Amino acid sequence: MPILLYNPFGNFDFNPDECFLTGEKISADEERISVFPEWIINRYSLKDKTISMLGQNVVKYQDLTLPCAAHVIKSAFDPLEEEIEKAFSSGYEAVREVPEVRLFQWMAKLVYGILYHDILYGIKKQSAKGEKFTLSPMLTRKFEILHLMLQSLMVPMEFKGIHPWSIKVVKIKISKDVFNYKDETNNLNFSLGMNDFGIVACLQDNGENEKYHKELLTKIEDKTLHAIQFEELCSRFIYSNYLLTSAAQYEIKFTDEKVYLQSIPIEACNGKPLFNPWEDKMYGQVLANYWKPWGLTMKDIITFPDSPISYLINDYNNEFIDPDSITLPY
């Protein structure tokens, strides 16, 4: 009999008495897992700190938990966290050695965990109005695929062909006490800066954003980035992912032994380019959001008719900017 996977999006089954990953009945009070792992919450003193959610509500990190069967925690998430904690605590060189699929699984758990709470909040909000919660078919499918791929933690799953994601790990100069996490659930974007490394990822783009930024990534390869340079890299990935005109598609085959997920190369549709044209003003707004810690505003970033300033690439010679020449704090 072919392997069957759980899909909570058919009827939006976000029940605290059901495991978020497998759908099986559990003891809601006892079987829970933290979205942000305890080792991160403790290391960066996040327990009573808050995170802003998509619905503009604010939630404490310690309250972001997921209903999860005990055997799933033991067999899937505990080994994953042990592997990731060891690598992340060691730093950049160790993180580079982590297989991309393991990084993806860890990032997908965080992004999906936050998405789970966003949807739960939306369901309650609509229910209070006597209305049914809905998502667009495109977003529903995107989230279904993310959840399906996350189930690779529990069932044999082979990712065939190109990777379903773009993931870039870089070495950065950052304060040891900074945990810089950002996500954007609609386009499944992820970024994290901590210890001496940064990760920027688009979790469902079939590698297109990594290809789009190939020239830039070649220039920064093996370089240590200033924190503001890493934030600029994240801005470029997040904005280009927004410009992508076609959604990622997959062929999924279920067999008795394994689930096969084949990524289909994304192609432009209806005569459109694969990416919409880059607009400096809109990109500048994204950049301003990522550069808030340095107090830079749109007025600082763009001076008409010039392009947005860059701390990554010198406008005159198109070369990588030496991070030691940047006097901003990190």
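Tutor: Axes here are lines fitted to C-alpha atoms, for helices over the stretch in contact, and angles run from 0 to 180 degrees between N-to-C directions. The model is predicted.

Student: At what angle do helix 2 and helix 4 pack?
Tutor: Helix 2 covers residues 70-90. Its axis and that of helix 4 are 10 Å apart. The packing angle is about 110 degrees.

Student: How are helix 2 and helix 4 oriented to each other?
Tutor: Their angle is about 110 degrees. Angles of 65 to 115 degrees count as roughly perpendicular. Helix 2 and helix 4 are therefore roughly perpendicular.

Student: Which residues of helix 4 meet helix 2?
Tutor: Helix 2 brings Phe-77, Pro-79, Leu-80, Glu-81, Glu-83, Ile-84 and Phe-88. On the helix 4 side are Arg-102, Leu-103, Gln-105, Trp-106 and Lys-109.

Student: How many residues of the contact of helix 2 with helix 4 are charged?
Tutor: By class, 7 residues are nonpolar and 1 is polar. The charged residues number 4.

Student: What does Trp-106 contact, leaving aside neighbours within four places in sequence?
Tutor: Trp-106 is among the helix 4 residues that meet helix 2. Its contacts include Leu-80, Glu-81, Ile-84 and Phe-88. The others are Pro-37, Trp-39, Ile-40, Phe-190 and Leu-192.

Student: Which residues have the most contacts inside the largest nonpolar core?
Tutor: In soluble globular proteins, nonpolar side chains tend to be buried together. The largest nonpolar core in this model has 112 residues. Those with the most contacts inside it are Phe-36, Phe-88 and Trp-106.

Student: Which helix gives the most to this core?
Tutor: The top contributor supplies 12 residues. That contributor is helix 4.

Student: Is helix 4 oblique or perpendicular to helix 5?
Tutor: Helix 4 spans residues 100-128 and helix 5 spans residues 137-150. Their axes lie 10 Å apart, at an angle of about 135 degrees. That makes helix 4, relative to helix 5, oblique.

Student: Is the crossing of helix 4 and helix 5 left-handed or right-handed?
Tutor: Handedness follows the turn of the near helix from the far one, by less than a right angle. Anticlockwise is left-handed and clockwise is right-handed. For helix 4 and helix 5 the crossing is left-handed.

Student: Which residues in helix 5 meet helix 4?
Tutor: From helix 4 come Phe-104, Gln-105, Ala-108, Lys-109, Val-111, Tyr-112 and Leu-115. The contact of helix 4 with helix 5 has 9 nonpolar, 2 polar and 1 charged residues. The helix 5 partners are Phe-143, Leu-146, His-147, Met-149 and Leu-150.

Student: Where do the buried residues of helix 9 pack?
Tutor: Helix 9 runs over residues 280-290. Its buried residues include Tyr-283, Val-286 and Leu-287. They pack against strand 7, strand 8, helix 8 and helix 10.

Student: Is the crossing of helix 8 and helix 9 left-handed or right-handed?
Tutor: The two axes come within 9 Å and cross at roughly 140 degrees. Helix 8 and helix 9 are therefore oblique to each other. Their crossing is right-handed.

Student: Which residues of helix 9 make the contact with helix 8?
Tutor: Helix 8 offers Glu-231, Glu-232, Cys-234, Ser-235, Arg-236, Ile-238, Tyr-239 and Tyr-242. The contact has 9 nonpolar, 1 polar and 3 charged residues. Helix 9 offers Met-282, Tyr-283, Val-286, Leu-287 and Tyr-290.

Student: What does Val-286 touch, not counting residues up to four places away in sequence?
Tutor: Val-286 lies in helix 9. At 18% relative accessibility, Val-286 counts as buried, because the cut-off is under 20%. Its partners are Ser-235, Ile-238 and Tyr-239.

Student: Is Phe-12 buried or exposed?
Tutor: Phe-12 sits in the segment before strand 1. Its phi is near 50 degrees, a positive value in a residue other than glycine. With a relative accessible area of 17%, Phe-12 is buried.

Student: Is Asp-222 buried or exposed?
Tutor: Asp-222 is in the loop between helix 7 and strand 10. Its phi is positive, about 65 degrees, although it is not a glycine. At 58% relative accessibility, Asp-222 counts as exposed.

How values were computed: Residues numbered from 1 in each chain as written. Predicted model: local features only at pLDDT ≥ 70, side-chain atom pairs only at ≥ 80, totals over all residues. Heavy atoms only, no water. Helix = DSSP H or I, 4+ residues; strand = E, 2+ residues; numbered from the N terminus. Parallel < 35°, antiparallel > 145°, perpendicular 65-115°, else oblique. Contact = heavy atoms within 4.5 Å. Nonpolar A, V, L, I, M, F, W, Y, C, P; charged D, E, K, R; others polar. Core = buried A, V, L, I, M, F, W, Y, C linked by side-chain atoms within 4.5 Å. Buried < 20%, exposed > 50% of the residue type's maximum accessible area, 1.4 Å probe, protein only.
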